[in-house]
Every structure is written in structure tokens, then in C-alpha cells.
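Trainee: Could you take me through one part of this model closely, namely the surroundings of the bound ligands, and then say what lies beyond them?

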Amino acid sequence: MARAATGLPFDDIRNLIAAMPGADEAARQAALDREGQLVKPPGALGRLEEIAVMIAGWQGKAIPAVNRPTVAVFAATHGVAARGVSPYPPEVTKQMVETFSAGKAAVNQICGVFGAGLRVFDLALDHPTPDIVEADAFGEAECAATMAFGMEALAGEPDLLCLGEMGIGNTTVAAAVFHALYGGQARDWVGPGTGSVGETLARKIAAVEAAVKRAGAPLADPLEVLRRLGGREVAAMAGAILAARMQRVPVVLDGYVVCAAAAILHALEPAALDHCLAGHCSAEPAHREVLRRLGLEPILDLGMRLGEGSGAALSIGVIKAALACHAGMATFAEAGVADA
Ligand SMILES: Cc1cc2ncn([C@H]3O[C@H](COP(=O)(O)O)[C@@H](O)[C@H]3O)c2cc1C
Ligand SMILES: O=C(O)c1cccnc1
């Protein structure tokens, strides 16, 4: 396999993780102080206050703003889909990419409501990654290059990056990643995805179990979990989360599949997700446990199980409201309201 002149491709990823910046503490503290002075009982805006303070830290501004939110949807195809682990055929991935372009998917409508830009990245859709039951999803060079491609999500300089994905079979891939990272039984991590029940669900559990065994889990290196069991959208999203961190852009995660990308980084370095919010808790049964392990509290919990970034996009409304309150409210002194 070709190695980059700078060393092993995964070493480049590890070097980035070692160099990740933290939040701007002065901006974070200034935002926290401001929250304490705004014309409301302290803490009365609950999570909205935490969101405003967190975004202040990452944007490095006492009064942060989200004017250019972007939803980046990564689409990929998976060899494992040919095993019948999803009720839908693999062609749906490409057809949904066309539907995103036509502005007719759910995520388009949600982006429209909140003024978010939508960018769709398709990752070699005509060339599925190998069936993870049979072979590794990638070689190291391709996996690292796909992560680097995901960094393109930052090219439009968004001030908030929401992640989404499209790829029939990718809840199987996500379950394999979680099973390899967190152990337990395959069935603990497998859920219906788009609606697998009965025989389809049984095939999905069997595929996850066999893939993780083949890959030789437990694996000491989370990047090997990604390389052996992941898919292109999972790798690209991990790259996007990392690139956002290098530029201190806050990230909103979507459901079960996006969290598989996040979990790889978290397993490499728990602080790697400090700039991330969980947009929602998906109805995929194991998502709540994954969020708990990642130390993330979902903003919304609406029983959604769509993917394509829909839950992350929907939480932009809450995030924008949090920032509008933080920026626009008067202090007790300014409003002439008696403080406690
Ligand atoms: C019409 C349609 C639109 C979608 N939008 C997102 N997904 C979601 O479903 C897929 C994962 O589920 P599974 O692992 O069960 O195939 C992903 O493509 C995901 O984003 C969709 C699925 C369908 C059928
Ligand atoms: O939570 C998700 O990401 C999800 C759930 C079902 C189907 N596709 C994605």
C-alpha cells in the first residue's frame, strides 16, 4: 500500500488529534458572566444558556452568532447492503442524493425553515466498499484520504456545521463500529434502522456479529475499527468533525450513524468531541446508550429515525434561539428590572 511521504496516513490523523485546540476560555467566561446578568432568574433558560456559553467558547466571542449554518450530508454505498440487512435496495442511496439535489427530501425542508445551507458529498457511489463480513472496508491510505475528503465540509466557512449521512445499510455499519468499540453482544447495537424486522433484522444481527469477529475485535486502535468495519461516509464525517475542531467551528451531530463517526474520535481522545452538540436522540434503540458513552445530552428527542442530518438540522432552531436570547436580552441593569 502507498504510504504518504510524511509517514503512515493514520499518523497524520493522530498528529491532528494531538494538536487540537481547546475553546477560548476568556470568551466562554465572558458569556457565562453575561448569562448571569440577563433579565431572567439565573439558569431559567436551562440548556439554552449552556449552548450559548459553549458556542461562545468555540467561536471565541462573548456574543456568538450563527449566520451561516451548514448541513453537510455524506453519501456512500456499502457492500454489506447486498446481504439484505435493510428493507430498502441499495439504489435508494443514489436516488436520495438526486432527491436532495431536487430540494425534495425532509432535510431540504428543515434547512429551509432555519436558513441553513445544504451540501451533499457523494463518495464513489458506484463503487461500494467491500462487504465488511468478508473484508476490510478500506486500506489505510484510502481510509485516511476519505477522512481528509470530509474536511471539505468546512470549505464554505460555516459558523455551525451539522452532519448528516445517506447510505443504505449504514445502520449495520454503525452497529458494527459500536459493537467493536464497546463490546457486549451484536444484538445490543442492532436496531431496525429504516424498519428492519423479522428475518431482515436477524440477518443484520448475524452480519454485525460476523463482521466484528472477522475484524478481530477488540481492537486497540479505534482507527482500525473505522478501517475494517466503517464506510466512506463514516470516515468522511470523522474527518469533518476533526477539521471543524481545528478551526474551532461548533458541530451538531445527528443520529446513530453520525455518532459512529464521532465515537471513533472519542475513543481516540475523549476531549475530541468537546466542540460537538448532539442534535437529537434517534429512535434507533442503542442511540441513547451511545450518547451516554460519548457524554452528550441530546437537544431534541422527537422519535425521529431518518438520518440525512434531519435531527441535527432541526436543532438549529433551538441553537439560534439560544444565541438570540444571549445576544438580544437586556441585563437587569439595562432593563431597570429589580434583581433578586
Ligand atoms: C427513502 C429513504 C430516505 C432516507 N434518508 C435517510 N435514510 C437513512 O436510512 C439509511 C440507513 O438505514 P438502513 O441501515 O436500514 O438502510 C441511511 O441511508 C440513512 O441516512 C433514508 C432511508 C430511506 C429508505
Ligand atoms: O439515527 C440514525 O442515524 C438513523 C436511523 C434510521 C435510519 N437511518 C439513520
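Mentor: A residue is taken as near a molecule if its C-beta atom, placed from the backbone, lies within 6 Å of it. In this predicted model, the residues that surround ligand 2 by that criterion are T171, G193, T194, D254, G255, Y256, V257, S282, E284, H287, R305 and G307. Sorted by class, this shell around ligand 2 holds two nonpolar, seven polar and three charged residues.

Turning to ligand 1, we find 18 residues around it, and the closest of them are S86, T171, G193, T194 and G307. The shell around ligand 1 divides into six nonpolar, ten polar and two charged residues. Helix 4 (91-101), strand 3 (160-166) and helix 7 (170-182) each supply at least two residues of that shell, and helix 7 gives the largest share, with three residues.

Beyond the ligands, the largest nonpolar core has 109 residues, and those with the most contacts inside it are V177, L229, A238, I241 and L253. Helix 12 (residues 256-268) contributes the most to this core, with eleven residues. If residues up to four places away in sequence are left aside, I241 touches V251, A261, A262, L265 and C276.

Finally, there is a helix pair to consider: the axes of helix 3 (residues 47-59) and helix 14 (residues 310-328) come within 8 Å and cross at roughly 80°, and the two helices are therefore roughly perpendicular to each other. Here L48, I51, A52 and I55 of helix 3 meet I319, A321, A322, L323, C325 and H326 of helix 14, a contact that comprises nine nonpolar, one polar and no charged residues.

Key
Residues are numbered from 1 along each chain as its sequence is written. Chains are lettered from A and ligands numbered from 1 in the order in which they are written. This is a predicted model: local features need pLDDT of at least 70, side-chain atom pairs count only at pLDDT 80 or more; totals for chains, interfaces and linings use all residues. Ala, Val, Leu, Ile, Met, Phe, Trp, Tyr, Cys and Pro count as nonpolar, Asp, Glu, Lys and Arg as charged, and the others, Gly among them, as polar. Axes are lines fitted to C-alpha atoms, for helices over the stretch in contact, and angles run from 0 to 180 degrees between N-to-C directions. Helices (H or I, at least four residues) and strands (E, at least two) are DSSP runs, numbered from the N terminus. Angles under 35 degrees count as roughly parallel, over 145 as roughly antiparallel, 65 to 115 as roughly perpendicular and the rest as oblique. Two residues are in contact if their C-beta atoms, placed from the backbone, lie within 7 Å. A nonpolar core is a set of buried Ala, Val, Leu, Ile, Met, Phe, Trp, Tyr and Cys residues joined through C-beta atoms within 7 Å. A residue is buried if 20 or more other C-beta atoms lie within 10 Å of its own, exposed if 12 or fewer, and partly exposed in between; C-beta atoms are placed from the backbone.
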